[in-house]
Amino acid sequence: MKPALSLPLLLPSLLLSLVLLGLRLQRPEEPPSTPSLPPRHRPPNPLTGAGFLWGQKPPQPGHTTARAAPPRHPLQPPYPYPYRFLLNEPHKCRGWAPFLVLLVASEPGNTAGRAAIRQTWGNESSVPGVSILRLFLLGVHPVFGRELRGTLEEESRLHHDLLQQDFLDTYNNLTLKTLMGMEWVTRHCPGATYVMKADSDVFLNLGYLVRRFLLPPKTNFITGYIYRNTRPIRHPAYKWYVPREVYPNDTYPPYCGGPGYVLSGDLATKIYRVAQRLPLINMEDSFVGICLHALGISVTPSPWGVFNMYWLSYSKCRFSRLVMVHHYQPQDLLAIWPHFQETKCPE
Ligand SMILES: *[C@@H]1O[C@H](CO)[C@@H](O)[C@H](O)[C@H]1NC(C)=O
Ligand SMILES: *[C@@H]1O[C@H](CO)[C@@H](O)[C@H](O)[C@H]1NC(C)=O
Ligand SMILES: *[C@@H]1O[C@H](CO)[C@@H](O)[C@H](O)[C@H]1NC(C)=O
């Protein structure tokens, strides 16, 4: 039942509210923030708008928040956080825009894997008429970070294809690696038509990908091997363990399997931006699905057998009609690539 409101009863409270409002409006503005924020406190990022999304003010120097934030689970990658680029290629897209930016997740110590990828599917000139830009994504080796620094700097000077940020390169931090790639595209290559994220242990056929799926250029597009209605693994013995504290829902939104997925360039920026206000989870590919869910953008299914999450034995004619096969190691790639490039297969 609705209680009848009488005006005489309402008036005093209305007046009180007006007085309180007046007091609020008269309150002096917050003191202007000093120009030198401590380095931890990144000013609102003009690219992401982080800090504006929820109408928050940037943290004021000298003030610690009295309200305790819920403690972060150790498996939850710390984010957003101003990770610094230790190795970067900020000028690669100056004055032009590649058709495909190939972002390859790699481990700092995996020099041989990167060498094999440069000579095989990661060769930027392997698809005639298509401009490809290849970059490896690295964190800092959890044990030998310091020892590997010199070698990585040299590799970077030689090949100019390494991106590295100062987070620990661990399995549960892979989401940070993908977001570093999306950040790089957003900041330094926003005109790229497509972005592909790939792992280092895959075979890729970029020619088929481009011819079959990417032309004409699309927007709000993402495809790969689609997982639907999958559940987080709640048992800590598994590599893919995701505790409830990190992701409470019982299912993930649809997402593309991490070993290889491709998205339109505009979507890379949207994913990066929306990620600034979502709690991260330690599964990189499911997290991209969570970003898509927040953006209201759906995945595009790919025909069966085009993105293969399981190993397949090599055959030229089979591999020329697919995009990705998982579980190909550097030596396998080097062994099959000349044959794959040179042999003809009836269309
Ligand atoms: C990349 O492919 C081009 C064209 O096929 C070839 O000339 C070049 O040697 C390859 N580069 C590497 C690093 O294998
Ligand atoms: C992820 O990287 C951050 C920053 O380096 C580090 O503090 C954290 O321990 C890493 N998390 C895992 C699970 O390795
Ligand atoms: C998680 O579950 C809540 C409640 O059903 C729902 O509103 C939200 O969209 C879900 N989030 C994701 C990422 O699926």
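**Exercise 1.** How many bridges join strand E3 (residues 132-140) to E4, and do the two strands run parallel or antiparallel?

*Solution.* The model under study is predicted. Step one is the count: E3 and E4 are joined by four bridges. Step two is the direction: the two strands run parallel. Step three is a particular pair: Val 140 has Leu 168 of E4 as its bridge partner. Step four is the connection: together with helix H3 (residues 145-159), strands E3 and E4 make a β-α-β unit, which is right-handed.

**Exercise 2.** Identify the bridges between strand E1 (residues 85-87) and E4, and state why E4 is described as largely enclosed.

*Solution.* E1 and E4 run antiparallel and are joined by two bridges. Opposite Leu 87 stands Gln 164 in E4. Turning to burial, strand E4 (residues 162-168) has seven residues, and five of the seven are buried, so E4 is largely enclosed by the rest of the structure.

**Exercise 3.** Determine the order of the open sheet that contains E6, E10 and E11, and find its edges.

*Solution.* The order of the three strands is E6-E11-E10, with mixed pairing. Strand E6 (202-204) and strand E10 (307-308) each have a single partner strand and stand at the edges, so one side of each is left without a neighbour in the sheet. E6 pairs with strand E11 (residues 324-326) over three bridges in the antiparallel sense. Leu 204, for its part, has Met 324 in E11 as its bridge partner.

**Exercise 4.** Describe the shell around ligand 3.

*Solution.* Asn 249, Pro 253, Ile 290 and His 293 surround ligand 3. By class, the shell around ligand 3 holds two nonpolar, two polar and no charged residues.

Note on methods
Residues numbered from 1 in each chain as written. Chains lettered and ligands numbered in written order. Predicted model: local features only at pLDDT ≥ 70, side-chain atom pairs only at ≥ 80, totals over all residues. Near = placed C-beta within 6 Å. Nonpolar A, V, L, I, M, F, W, Y, C, P; charged D, E, K, R; others polar. Pairing = 2+ DSSP bridges. Buried ≥ 20, exposed ≤ 12 C-beta atoms within 10 Å, placed from the backbone. Right-handed = clockwise from strand over helix to strand, strands pointing away.
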